[in-house]
Structure formats: structure tokens, C-alpha cells
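Hello,

Here is the structure for your bench planning. My notes on the ligand sites follow below it.

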Amino acid sequence: MKNLKMATLGNKKRTLVQAGTAVFGDRLVVIAGPCSVESEKQTIEAAIAVKEAGADMLRGGAFKPRTSPYAFQGLGLEGLKILRKASEITGLPTVTEVIDTRDVSWVAEYVDMLQIGARNMQNFSLLLEVGRQERPVLLKRGMYSTIEEWLNCAEYILSEGNPNVVLCERGIRTFERYTRNTLDLSAMVAARQLSHLPVIVDPTHATGRLSLIEPMSLAAIASGTDGLAVEVHPCPDEALCDGEQSMPPELFVRYMKNIRALQHAMESLP
Ligand code: PEP
Ligand code: MN
């Protein structure tokens with residue numbers, strides 16, 4: 001890291017980032033929910049399922065940055081209202097992606113945390129804009145980005161006065177095609193060594209494969225992650241986005257049992 005004056009660097013005292021009732025940097029935080037908010041029924045069913053299984057926070061995209069302009073782009077304002085209703089019903093705090101500087105201030109009124117997606121990690125005007133408001137920010141690592149670039153993007157947010165940033169490793173592009181991306185678990189560990197900010201892992205987008213999500217989550221917990229973000233859909237076959245990598249509720253129940261068991265074992269280590 002070239003600039004040692006960066007506020008993001010230094011790990012002597014870890015920063016706690018609060019998003020509603022969820023506190024990152026203390027105990028493991030599990031974020032779960034659908035890739036996108038598709039309807040009130042789908043989102044509320046997902047929210048109740050993840051709450052009952054023991055998740056700490058609800059995710060769901062109202063604005064989807066899709067590869068094709070003709071793919072489902074999200075419900076926008078309607079989606080945010082649904083997310084807020086799901087939060088009121090379950091008591092779960094919420095996180096949603098924001099993709100446009102013009103939307104930051106009003107989107108922030110509907111959710112507890114704003115997500116900057118991998119495709120926007122270096123959208124510097126968006127980083128500055130979320131740095132000027134008070135909601136905590138979940139900053140995903142760009143799929144072509146180095147750890148240094150990622151930490152510098154967190155620095156953009158901190159430099160505008162918002163200290164509440166959580167980093168999220170979500171896999172990088174490599175030559176491998178079997179997995180959607182390549183989970184760079186060492187980047188999560190390195191970012192936690194270099195920075196005081198909480199760092200979580202998204203094994204869903206990192207692998208794109210249901211069979212790999214739990215093993216990679218366990219590996220992330222064993223490596224010290226501050227949290228996990230996973231996709232859960234009440235009926236993955238009908239999902240408008242990322243159905244093939246979304247856990248159905250019954251799988252998520254088993255997943256939560258196993259990851260909480262390892263979490264508790266880790267917490268009782270001397
Ligand atoms: C998401 O979490 O909904 C998402 C689009 O992920 P990423 O930005 O990591 O691709
Ligand atoms: Mn997704």
C-alpha cells in the first residue's frame with residue numbers, strides 16, 4: 001500500500017459498522033435474500049424464511065445492473081417499498097444496491113445499508129455520493145480489481161466523511177469457467193489484515209454454484225470473515241435473476257445450522 005496516510009489502513013482497532021440491528025465487525029453477520037425484489041409475495045416469503053432460519057439482515061436488489069439491457073432491471077421505487085414492508089414484518093434490517101448518484105439520497109430513506117456492486121466499485125462519483133450521506137455502505141470488490149484498488153475505493157467513501165464501510169469479496173474473473181468467478185478468500189484475509197474495516201464474503205456470486213456455497217462459507221468463517229452474503233429465493237426455478245445460484249429455504253435452514261455451528265466453535269477457541 002503506497003499511501004500510509006489512508007484512513008482505511010491500519011488494523012489495531014477494528015471498526016464496528018452498524019446497519020439497523022446488525023453490527024459488522026463483532027459477531028458473524030449473515031445477509032440473505034433474493035438477488036432481486038420481484039414481487040411483494042416473493043420478497044416477503046424470502047424475508048420470513050431467512051429470518052426463521054436465523055439470518056441477521058435481508059438483501060434484495062431494486063436496481064439490477066444486468067449484462068443485457070433487455071434483462072429484468074429491477075422494480076425501482078416499488079421494490080424499495082416492498083423491501084421496507086418485508087423489513088417491518090420480520091424486523092430484519094435491509095441492504096440494497098444503488099447504481100446511480102441521482103438515486104442515493106432517496107434510496108437511503110428506504111433501507112438500512114447501501115450496496116455498491118462489483119461493476120460500480122470504481123464509479124468514483126457514486127463512491128463520493130455515498131460518502132456524503134449517513135447510511136453504512138457495503139462495498140463489493142470489482143471483478144477485475146486488486147486489493148489496493150478496492151481499499152482505495154473505500155477510502156473515497158471515508159474521505160467524504162462516512163466511516164461506515166463494510167468490504168465484500170465476491171470473486172474475481174480468472175480463466176476458470178466452471179465457477180462463475182474465483183473466490184479470492186486470501187483477499188478477505190488480507191483486507192482484514194491491512195484495514196480496520198469489516199470484511200465479508202459473498203460465496204453465491206463468487207462460485208455461482210449451489211454445491212460450493214456452504215463449503216466456501218465454512219472456509220470463510222474459519223479464515224475470520226466478519227460476515228456472509230448469500231442469495232435465497234422461495235422458488236429458485238422461477239427467479240427472474242440468478243435462480244441457479246439461489247438457495248431454496250429448506251437448503252438455507254440446513255446451511256444456517258452448519259455455519260452457526262462452526263461460528264460457535266470458532267468463538268469458543270481460546
Ligand atoms: C448483487 O449482490 O446483487 C450483485 C449484483 O453482486 P455483484 O455486484 O457482486 O455482481
Ligand atoms: Mn445476484
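In this predicted model, an oxygen atom of ligand 1 lies 2.7 Å from a side-chain N or O atom of Arg59. Lys64 also reaches ligand 1 with its side chain, at 3.0 Å from an oxygen atom. Ala118 uses a backbone N or O atom, 2.8 Å from a ligand 1 oxygen. (A polar contact is a pair of N or O atoms within 3.5 Å.) Alone, ligand 1 has 290 Å² of accessible area (Shrake-Rupley, 1.4 Å probe). The protein covers 96% of that.

The shell around ligand 1 (residues with a heavy atom within 4 Å) includes Glu97, Gln115, Lys140, Arg170 and His205. By class, the shell has six charged, three polar and one nonpolar residue. Asp, Glu, Lys and Arg count as charged; Ala, Val, Leu, Ile, Met, Phe, Trp, Tyr, Cys and Pro as nonpolar; the others, Gly among them, as polar.

Now the metal. The manganese ion (ligand 2) has protein donors Cys35 (SG), His205 (NE2), Glu231 (OE) and Asp242 (OD), at 2.0 to 2.4 Å. Donors are N, O and S atoms within 2.8 Å of the metal (3.2 Å for Na, K and Ca); water is not among the atoms, so sites may look incomplete. The sequence spacing is C-x169-H-x25-E-x10-D.

Residues are numbered from 1 along each chain as written, chains are lettered from A and ligands numbered from 1 in written order. Local features need pLDDT of at least 70, side-chain atom pairs 80 or more, while totals for chains, interfaces and linings use all residues; side-chain values use heavy atoms, without hydrogens or water.

Best wishes

Terms used:
A polar contact is a pair of N or O atoms within 3.5 Å; within protein, one must be able to donate a hydrogen and the other to accept it, and residues adjacent in sequence count only if both atoms are side-chain atoms.
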